[in-house]
Amino acid sequence: MNRQATTARGRRWRAGLVAGGVTAALVGGSIAIAASAHAAAGCRVVYSAPSQWPGGFTANVAVTNLGDPLNGWRLTWTFPAGQQVTQAWNATVTSSGSQVTATNVSYNANLGTNATVSFGFNGSWTSSNTAPTSFALNGVTCTGSVGPTTPPPTTTAPPTTAPPTTAPPTPTPTVTPRPPGDPQAVVNDMQPGWNLGNTLDATGDNLAGSGETSWGNPLVTQALIRTIKAQGFKSIRIPTTWTHHHGAAPNYTIDATRLARVKQVVDWALAEDLYVMINLHHDSWQWINTMPSNRSTVLARYSALWTQLATTFRDSSPKLHFESVNEPQFANSSGDAQNAQLLDELNRTFHRIVRGSGGNNATRLLILPTLHTSSDQARLDELASTFTALGDRNLIATVHYYGYWPFSVNVAGGYRFDATAQQDVIDSLNRVQNTFVSRGIPVVIGEFGLLGFDRHTGTIQQGEKLKFFEFFGYHTRTRNIATQLWDNGQHLGRTSFQWSDPELIAQIKSAWTTRSGTAASDMIFVPRTGAVTAKSLALNLNGLSFQSLRQGSTNLVQGTDYTVSGNQLTLTAAALTRLVGNRAYGVNATLHAHFSAGVPWRINILSHDRPVLQNATGTTSAFSIPTAFNGDQLATMEAKYADGSNAGPHNWTSYKEFDVTFAPNYSANTISLTSTFFAEVNDNAPVTLTFHFWSGTTVTYTVRRTGSAVTGTVG
């Protein structure tokens with residue numbers, strides 16, 4: 001799930017594989033491996049790979065500095081089986097062969113004595129995925145003790161407590177009065193929802209706004225909350241990270257200014273009659289994930305925080321809901337059984353504390369997540385067991401959904417919202433419905449979107465992402481599952497209050513109440529030269545009927561300009577000749593197909609010629625191919641060696657990841673290949689690139705890396 005570029009993640013800063021589509025999308029399950037390598041002349045490293053699939057895996061790394069405070073850190077290791085890092089977050093990761101180097105990013109450079117920093121990555125493997133066993137921090141091998149090169153720390157690391165061999169006794173569920181109304185009815189009324197992302201959950205510790213601006217978003221204003229209400233949202237999830245905003249053990253006293261600020265934002269939302277959700281957010285991967293080796297300390301800290309939050313909000317409106325933890329995960333555990341036990345313990349502890357705090361907390365709706373907020377069946381079953389044991393009717397289950405992973409990030413040829421991506425939506429939601437909703441347990445998908453949005457919303461082609469949001473909105477609505485859109489500022493401007501993509505939000509809003517018609521594509525390509533011929537486009541009627549085809553406010557004439565037969569829309573040669581006009585490259589006309597319900601489907605009519613690439617030279621850190629796109633648009637890129645084997649990152653597929661390994665720049669007339677791509681290209685081995693364009697045209701190109709120098713030739 002955290003699956004972004006090989007630099008610090010985009011502003012989503014996700015951690016761990018989240019959503020039913022990520023692990024299950026590739027293998028329908030996961031294999032966990034874990035290893036622990038202990039510290040250096042001042043460090044301890046905990047390495048785990050909680051998710052694995054054929055040819056790929058996700059790893060988490062926690063580095064504890066036992067020596068003197070560091071201002072800038074570098075962790076190195078060697079993969080014993082030749083694994084490769086393909087994406088990373090919270091660190092900049094580079095590799096040379098099996099040697100890997102992870103360095104800090106701007107916001108986590110300072111690492112004090114006994115402080116821990118965590119980062120993660122996606123990787124690829126071939127023959128095996130053996131965990132590394134030796135790490136070095138700033139050049140000193142990690143040994144688990146403080147070496148003689150630095151003085152002993154003035155404080156010692158907190159003692160760790162081995163996890164019990166048996167689960168703790170099950171507390172007797174507290175019998176609580178029912179709130180007015182039905183929990184499922186409340187969840188229905190929460191739809192639709194929105195996330196105030198990358199704000200109060202930001203992990204930076206700057207003074208302005210108690211850290212809420214450290215990830216680039218402005219301070220929250222009451223006007224923003226009112227805008228959310230005015231846009232038709234009925235609930236708001238306010239992710240909140242507490243790691244840097246409380247004191248030391250044993251009290252872990254929350255900073256009064258921070259707590260007052262969170263309460264102010266919550267009260268603004270409640271004043272707008274919104275349902276509100278608060279949680280422990282990035283705490284999940286910052287310190288809660290150490291629970292397998294640090295159980296007593298994590299439980300004490302977790303309990304102290306929720307005790308204070310429950311007390312602060314005990315008399316707040318019942319429309320305020322508590323979520324126990326965001327995307328729970330555990331580093332270096334013994335496997336699924338221990339993960340399930342630890343999450344069950346956290347959720348029960350949370351439940352006991354909140355219910356015991358009285359006031360409106362006695363019946364407040366509480367939200368419990370699956371491990372990684374995954375919709376894999378095993379994870380759902382684990383949470384269902386917790387619900388059964390608690391016996392509390394006023395609970396909500398939550399998962400996250402970011403789509404079928406190849407489509408969600410545009411890799412492995414998943415650039416279309418095709419039948420496989422659609423089936424992943426259906427399968428994930430069916431599992432959630434069958435496990436919870438059909439048994440009377442309401443569900444909120446606390447985050448949804450596409451992972452490629454962490455870079456920018458153009459990673460997935462416009463028409464394909466519109467189809468995803470239409471499809472997802474329909475299938476959640478018909479299953480009575482509430483959804484909360486993840487927005488870290490890439491959708492709604494926090495000060496302009498304008499949507500960055502009006503077409504996208506229109507589609508999302510339409511799906512709240514109805515279906516919309518779509519089509520196989522939102523583009524029809526017409527050659528710039530030669531005869532213009534009729535073009536057909538398959539419509540996705542989605543149970544609706546086709547009504548009309550318009551250019552602006554003018555209806556095209558059925559039978560003369562176009563015909564419709566079943567789900568096939570065909571524009572005549574005469575109509576296309578008129579629409580393309582002088583056949584200048586690019587979009588010459590825009591049509592809209594109107595259906596009996598929902599938003600119209602935009603169809604751009606484009607003139608194009610075969611794209612032309614030119615020879616180029618550059619370096620592994622700066623290489624661009626001069627490209628005359630000639631009205632076409634790039635869909636994906638394949639990379640293969642002369643022997644037919646796959647080149648570059650994600651070497652289990654020839655199709656590389658959009659934006660991460662290559663990116664078109666239509667205004668500059670270039671296609672860039674990134675350092676991430678060349679980092680996993682063999683030296684002096686020609687690589688044949690095949691660029692696939694949306695018109696259906698393919699163009700080949702050859703690149704060769706010699707050290708840091710790169711040459712590119714046509715053909």
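**Figure 1. Surroundings of T227 in helix α2 of the predicted model.** With a relative accessible area of 12%, T227 is buried, and the residue belongs to helix α2. When residues up to four places away in sequence are set aside, T227 touches L492 and F497. The C-alpha atoms of T227 and L492 are 9.7 Å apart in space, although 265 residues separate the two in sequence.

**Figure 2. Helix α3, its ends and its buried residues.** Helix α3 comprises 16 residues, 256-271, which at 1.5 Å a residue should span 22 Å, and this agrees with the 22 Å that lies between its end C-alpha atoms. At the start of the helix, a side-chain oxygen of D255 comes to within 3.2 Å of the backbone nitrogen of T257, while α3 is followed by D273, a residue with a positive phi near 65 degrees. The buried residues of α3 are R258, L259, R261, V262, V265, V266, W268, A269 and L270. Among the elements that cover these residues are the helices α2 and α5 (295-312), together with the strands β14, β15 (275-279) and β16 (320-323).

**Figure 3. Helix α12 and the strands that cover its buried residues.** In α12, which runs over residues 573-580, the buried residues are A575, L576, L579 and V580. Seen down the helix axis, these buried residues fall within an arc of 120 degrees, so they line one face of α12. Their cover includes β22 (523-527), β23 (535-540) and β24 (546-551), and also β27 (568-571), β28 (586-595) and β29 (601-608). After α12 comes G581, with a positive phi near 55 degrees.

**Figure 4. Two edge-to-face aromatic pairs, W77 with F79 and F233 with W512.** The structure holds 32 aromatic pairs, including the two described here. In the pair of W77 and F79, the ring centres are 6.0 Å apart and the planes stand at 90 degrees, so the arrangement is edge-to-face; both W77 and F79 are buried. The rings of F233 and W512 have centres 5.2 Å apart and planes at 70 degrees, and because an angle over 60 degrees counts as edge-to-face, this pair is also placed in that class. F233 lies in the loop between α2 (222-230) and β14 (235-238), whereas W512 lies in the loop between α11 (502-510) and β21 (518-519), so the pair ties together parts that are 279 residues apart in sequence. F233 and W512 are both buried.

**Figure 5. An aromatic cluster and two arginines over ring faces.** One aromatic cluster is formed by Y401, F407, F417, F448, F453, F468, F469, F471 and F472. Elsewhere in the model, R301 lies over the face of W287 at 4.2 Å from the ring centre, and R364 lies over the face of F322 at 5.1 Å from the ring centre.

**Figure 6. Cis peptide bonds that precede P192 and P250.** Most residues other than glycine have a negative phi, and most peptide bonds are trans. The peptide bond that joins Q191 and P192 is cis, with omega about 5 degrees, and P192 is located in the loop between α1 (183-190) and β13 (193-195). A cis peptide bond also leads from A249 to P250, with omega near 5 degrees, and here P250 lies in the loop between β14 and α3.

**Figure 7. Positive phi values at H650 and N684.** H650, which is not a glycine, has a positive phi near 50 degrees and is placed in the loop between β33 (634-641) and β34 (662-665). With a relative accessible area of 3%, H650 is buried. N684, likewise a residue other than glycine, has a positive phi of about 60 degrees and is found in the loop between α13 (675-678) and β36 (687-693). At 41% relative accessibility, N684 counts as partly exposed.

**Figure 8. The side-chain contact between H281 and N326.** H281 is found in the loop between β15 and α4 (283-286), where its relative accessibility of 0% makes it count as buried. The side chains of H281 and N326 are joined by a polar contact of 3.4 Å.

Notes
Residues are numbered from 1 along each chain as its sequence is written. This is a predicted model: local features need pLDDT of at least 70, side-chain atom pairs count only at pLDDT 80 or more; totals for chains, interfaces and linings use all residues. Side-chain values use heavy atoms; hydrogens and water are left out. Rings of Phe, Tyr and Trp (its six-membered ring) pair if their centres lie within 6.5 Å; planes under 30 degrees apart count as stacked, over 60 as edge-to-face and the rest as tilted. Buried means under 20% relative accessible area, exposed over 50%, partly exposed in between (1.4 Å probe, protein chains only). Helices (H or I, at least four residues) and strands (E, at least two) are DSSP runs, numbered from the N terminus. A charge sits over a ring if NZ of Lys or CZ of Arg is within 6 Å of the ring centre and within 35 degrees of the ring normal. The expected span of a helix is 1.5 Å times one less than its number of residues. Contact means heavy atoms within 4.5 Å. A polar contact is a pair of N or O atoms within 3.5 Å; within protein, one must be able to donate a hydrogen and the other to accept it, and residues adjacent in sequence count only if both atoms are side-chain atoms. The arc is that of the directions from the helix axis to the C-beta atoms.
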